[in-house]
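Work through the exercises below with the sequence and the 3D structure in view. Each task is followed by a solution in steps.

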Amino acid sequence: MLCWKCKESMEGLVCVSCSAIRPPPPKADYFEVFGLEKSYFLDAKAIRVAHLKLAKVLHPDRWRQSSAVERRMSKQWMALVNEGERVLNDPIARARYLATGSATVAERGVKMDSQFLETIFELQMRAMEDLDSVKAEAQSMLEACHHQLTGLFQHWEQEGGDLSEVEHTLGKIKYLNNLVNK
Ligand SMILES: [Zn+2]
């Protein structure tokens, strides 16, 4: 791309000709921004290192003496990079981001199957009498969901399996977490 300031061609986050900051992308791919492989199985340390590298270049402190435009861009960059770090570090947000391209739940929500909802309803009823056993049961269902999630991503990464079940599994995890944390 061409530098917005000096019109020379630029790569990376800072123009080598005039030291201008690259404008933050309107729709960023966090994996791309962090230079990480698009994977569910990320190493926490790799995320931290990538975040530090980005912050070193993009942090507003570094652009304090620059024009208002560049100061604003650096702030937008840091907001993006910090949100990226949050999403990549959180297994649930990361899974949703990989499966749907967004880290937040769609407005319409996720349609859960009625059988699952019935099970949850029964557990909620039973929880009023025997919370401990319900919690234990929900915990083991939760573990199964996490196991399923891992399987879906393994399959996706190794054989290009599809991720359409991910959101549904994340929905189950949310219900079960509520029970476990009762
Ligand atoms: Zn330039």
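**Exercise 1. Place V81 and decide whether it is buried or exposed.**

Step 1. V81 is found in helix α3; helices (H or I, at least four residues) and strands (E, at least two) are DSSP runs, numbered from the N terminus.
Step 2. A residue is buried if 20 or more other C-beta atoms lie within 10 Å of its own, exposed if 12 or fewer, and partly exposed in between, with C-beta atoms placed from the backbone.
Step 3. V81 has 23 other C-beta atoms within 10 Å, so V81 is buried.
Step 4. Leaving aside neighbours within four places in sequence, V81 is in contact with V33, H51, L54, A55 and L58; contact means that the C-beta atoms of two residues, placed from the backbone, lie within 7 Å.
Step 5. From V81 to L179, 98 residues apart along the chain, the C-alpha atoms are separated by 33 Å.

The model is predicted: local features need pLDDT of at least 70, side-chain atom pairs count only at pLDDT 80 or more, and totals for chains, interfaces and linings use all residues. Residues are numbered from 1 along each chain as its sequence is written.

**Exercise 2. Apply the burial rule to P25.**

Step 1. P25 lies in the segment before α1.
Step 2. P25 counts as exposed because it has 12 C-beta neighbours inside 10 Å.
Step 3. The C-alpha atoms of P25 and R94 are separated by 20 Å, with their positions 69 residues apart along the chain.

**Exercise 3. State which residues have the most contacts inside the largest nonpolar core, and where this core lies.**

Step 1. A nonpolar core is a set of buried Ala, Val, Leu, Ile, Met, Phe, Trp, Tyr and Cys residues joined through C-beta atoms within 7 Å.
Step 2. The largest one has 30 residues, and Y30, F34, V81, A95, L149, V166 and L176 have the most contacts inside it.
Step 3. Two or more residues each come from α1 (30-34), α2 (44-58), α3 (68-89), α4, α6 and α7; α6 gives the most, with 6 residues.
Step 4. Domain 1 (1-89) and domain 2 (114-180) both contribute residues, so the core lies between them; the domain bounds come from an automatic or database domain assignment.
Step 5. The centres of domain 1 and domain 2, taken over C-alpha atoms, are 36 Å apart.
Step 6. For A95, the contacts beyond four places in sequence are Y40, L149, V166 and L170.

**Exercise 4. Describe α7 and what covers its buried residues.**

Step 1. Helix α7 (residues 166-180) has 15 residues.
Step 2. From its first C-alpha to its last, α7 reaches 21 Å, close to the 21 Å expected; the expected span is 1.5 Å times one less than the number of residues.
Step 3. V166, T169, L170, K172, I173, Y175 and L176 are the buried residues of α7.
Step 4. Their cover includes α4 (91-100), α5 (114-127) and α6 (131-159).

**Exercise 5. Summarise the whole chain and its confidence.**

Step 1. The chain has 7 helices and 0 strands.
Step 2. The radius of gyration, taken over C-alpha atoms, is 21 Å, well over the 16 Å that the globule rule gives for 182 residues, so the chain is more spread out than a compact globule. That rule is 2.2 Å times the number of residues to the power 0.38.
Step 3. Along the principal axes, the C-alpha atoms fill a box of roughly 70 × 35 × 30 Å.
Step 4. Of the 182 residues, 21% count as buried.
Step 5. The average pLDDT (the predictor's confidence in each residue, from 0 to 100) is 94, and 99% of the residues score at least 70.
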